[in-house]
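Trainee: I'm new to this one, and I'd like to talk through its charged side-chain pairs. Could you show it to me before we start?

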Amino acid sequence: MPPTDRTPVSTGKGRRDMIRFIAIRLLRSLLTIALVVTFAFVVLRLSGDPAMLIMSVDAPPEAIAAFRRSWGLDEPLWTQYLKYFGAILHGDLGRSMRDGRDAIVLVAERIPATLALTIPALLIKLGIGIPAGVHAALHRDSWSDRLVMLAAVAGFTVPSFVLGLLLVLIFAVQLGWLPSGGQESWRHAILPVITLGVGGAAVLARFTRSATLEVLGQLYIRTASAKGLSWGRVVRSHALPNAAIPTVTIVGFMVGSLIAGAVVVESVFSWPGVGRLLVVAVANRDLAVVQCILLLVAATMVTANLIVDLLYGFLDPRLRSARSAGAG
Amino acid sequence: MPEAPLPVPSPPPASVARPPRRLSKTPGLVLFALGWIATMLLVALLADQLMPYAYTALDLRNRLTPPAFLSGTWAHPLGTDELGRDVLSRLIVSIRLSLIIAFGATMLSATIGTLLGFLAAHFRGWAEQIVMALADFQAAMPFLILALSVLAFFGNALGLLVLLLGLHGWERYARIARGLAISAGAQGYAAAVRQLGASSARIYGRHVLPNIASTLIVSMTLVFPEVILLESGLSFLGLGVQPPSTSLGNMVGYGREYLTRAPWILLSPAAVIVMTTFAVSVVGDWLRDRLDPTLR
Amino acid sequence: MHPRYGTGLGMSLLTVTNVGRRYAMRRGLLARAVTVHAVDGVSLSLERGETLGLVGESGCGKSTTGRLVLGLEAPDGGAVHFDGAPMPAVGDAAWRKLRARMQMVFQDPLGALDRRLPIGVQVAEPLEIHNLLNPSDRPARVIELLGAVGLRPDQAERYPHELSGGQRQRAVLARALATNPDLLVCDEPISALDVSIQAQAMNLLMELQARLGMAILFISHDLRAVRQVSHRIAVMYLGRIVEMGEPDAVLHDPAHPYARALAAAIPHPGLRGQTRPVLQGDPPNPADRPSGCAFHPRCPIAEAICRTSVPALLPRQDGRQVACHAAHRSDAGVHRERAA
């Protein structure tokens, strides 16, 4: 039997498979977001009584009851959940329990600050990680390959808070060149951007290297070189485009985490971004804000994944059949 | 992964697994890594015997003493913190707790993932779709964000922390277990045993599990360092292990306030985190290359 | 030559009635799902102690037929009866219990054995599963089984990779025989073996059958092997049986043009000089089944009717069953001549 998916015939035969594929992907994406909303709701609502946390313990019972009523906390959970879902469908993400402002506004205010860190960091990752990975793969086992690999392993094993604090210790405390925290000028962004970028670049370099090596080792590359093409040409026209395909995945993940990828680093550098807001909101049990951030993160992630998925399908026809089997 | 018998050159994009790692296979490096891991295990096991002081004992006359090699005293080889507590003793206790958490969580996620992977392989159909959708979801969401919300809202009990970290990485075991179980069932020994009339429990417990154990163990060595990093990150943010307990991450978190005056408070736990994750990664890569060419 | 088998009185051990099995096969994300009739309207029966050889090219559905016969897959249509009772649903308790009575011998013995367990443990496994014998009596039974297939008692301690291919196949056979099954389905049991030991393996199979009296469905692409062990053979082409009858008759005087081509492919020292029909055209593709008689694009004697009408598998005067328009017409012609 040829290596194809065998399922009982009743699954039907779609005529417009392309549209079907996109529709299934979209549905899956929406399902994921619904899952996140549910997750957030369940975790946040069932975990404790926010009224007891927001109000002081010795607040009068009438005040607590009034607080609950005004936030709908006295209704059955099921009703709360449906209302919540309905509200989200209308674009209403609730208000912060702390200062009563719209959660979405509160979060939106912080997005530029976070992007000011994550976008330059992403450029560093791409600008250093991919060339370093390709270079290491092309010069396998040379000293530069070993250097890249060592740096890559270090990038994985050194947590961002350690790297960030080390940078602060060296460049802010010892040398006094750069500020250690805050958001007053562009100079304040340098250390956090480096902290974010270096780790990601290492991960990307390692990934790119093995993707390239894998492609280089494959048979059709050898076939191409046997046809008399120069090695450099083979690398440019065959190896790199093919190696790019799996790399798209990890880059997609990085793009997806532009908004939430800086939680720890923002905390280290007291940077007033979304991540910082999340940590504070979590500590304060500010339900609406946490849910809003979760949803935002999920939506970004899911969108990035969707784009990657579609890109994948178009970049590599070989994978279409293989992937469709699991996509179901 | 989609269907097991298909040649799939890379993981599907929805599942961003850790990128493949290839370390240099220098045996010297591996020996060093193994030595480090053994030391850490010994420290964790003999923590009570090794501690020079109780980890909560205050020594108010010797607050913020630098380590012995930085003009400090040998009474506190790694110095003391802001309350005069011995950094070495706290480090030893932290190593023990961090390793216990990471170990427990790794075992948990391996168990959950393998079970779900077997369920998916066994029932196929919609059960498989659900498991794979959950796996996609898990892989697509930044775990730190999920963990943050759960921890802060359910409180910080140690058990809950282990439980939560035990959800990290399950999807990787699930994918592996599912893929291997399907291929074993499609034409291999599992199909043979099944047609002998064996129950599912027998097929999976007696045959499939022992056959894929080495692959699962290799995956565990790759997930373990990530769990250590997660725990230390959460504790650093003040949302993981809570005082008076201490872990490597929250030593760094608390030491951060004394970064300018007493950097040694955070440097030694930071070094242990880095060394340990490095060592386990090196050993994991080495094991994978040695034992299991199917994992990339 | 062969021990005579059951006279056909009463119930057959195995009756397969008009079974079919379809798969949806997709060749790419953007391609339409194609329905593949892996098996289409196959009927056969098997008596105790009888061997039926099932022969055909790869992809003709013979392995799927084997799985349907064993009840490892449920057919989309038709029915399988074993010992007078319908096949239970796949996986339920009755189905599992029935496994003790019907066993399979696989093409790839290394794949069919658990590489982490010694041979003896695996041969004993059916006894454990079906709770046969006292645990204390099982080791003796294992030794007995190993002896029956020509393995030494000390080889019970060996792991699959420590045995040769032929020894592994013997171990698989010993495991299959552990429960004294009534039916053995052998799916290409010798194709993974060295040519030098294929004959040995087939002789062992026949010897065991003579001693134990089980029925065997012997699936192979190798017509010679099938002829050697079978009491009857069935030739399959693209999911259908095209000819069924006594092996010598089918081989020396094949009625279906496909069977003729298969038989001609066997080197025959005695038949030199005779014309040999050679298969022409593309090899069959189950996903793209020709209309009418599936064989017509490759058939040297195809006519107009072969493109439109599927020939039924009908008995000829001599009892041989053939599914071919031309063969039936000539048979009828012979009959008329005789009658005249």
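Mentor: Here it is, and please keep in mind that this is a predicted model. A good place to begin is chain C, where Asp83(C) and Arg48(C) form a salt bridge whose closest N and O atoms are 3.1 Å apart.

Trainee: Where do Asp83(C) and Arg48(C) lie in chain C?

Mentor: Asp83(C) belongs to the loop between strand E4 (77-82) and strand E5 (85-86), while Arg48(C) sits in the loop between strand E2 (34-46) and strand E3 (51-55), so the salt bridge ties together parts of chain C that are 35 residues apart in sequence.

Trainee: And how exposed is Asp83(C)?

Mentor: Asp83(C) is partly exposed, its relative accessible area being 34%, and Arg48(C) is also partly exposed, with a value of 43%.

Trainee: Which residues of chain C are joined into one network by salt bridges?

Mentor: Glu243(C), Asp253(C), Arg316(C), Asp318(C) and Arg320(C) are, through salt bridges that share partners.

Trainee: Switching to chain B, what does Arg178(B) pair with?

Mentor: Arg178(B) meets Glu128(B) in a salt bridge, at 2.6 Å from N to O. That pair links distant parts of the chain, since Arg178(B) is in helix H7 (residues 170-186) and Glu128(B) is in helix H4 (residues 125-140), 50 residues apart.

Trainee: Are Arg178(B) and Glu128(B) buried or exposed?

Mentor: Both Arg178(B) and Glu128(B) are buried. Chain B also has a salt bridge between Asp81(B) and Arg85(B), with the closest N and O atoms 2.9 Å apart, and both of these residues are buried.

Trainee: How many salt bridges are there over all chains?

Mentor: The structure holds 29 of them over all chains.

Conventions. Residues are numbered from 1 along each chain as its sequence is written. Chains are lettered from A and ligands numbered from 1 in the order in which they are written. This is a predicted model: local features need pLDDT of at least 70, side-chain atom pairs count only at pLDDT 80 or more; totals for chains, interfaces and linings use all residues. Side-chain values use heavy atoms; hydrogens and water are left out. A salt bridge is a side-chain nitrogen of Lys or Arg within 4 Å of a carboxyl oxygen of Asp or Glu. Buried means under 20% relative accessible area, exposed over 50%, partly exposed in between (1.4 Å probe, protein chains only). Helices (H or I, at least four residues) and strands (E, at least two) are DSSP runs, numbered from the N terminus.
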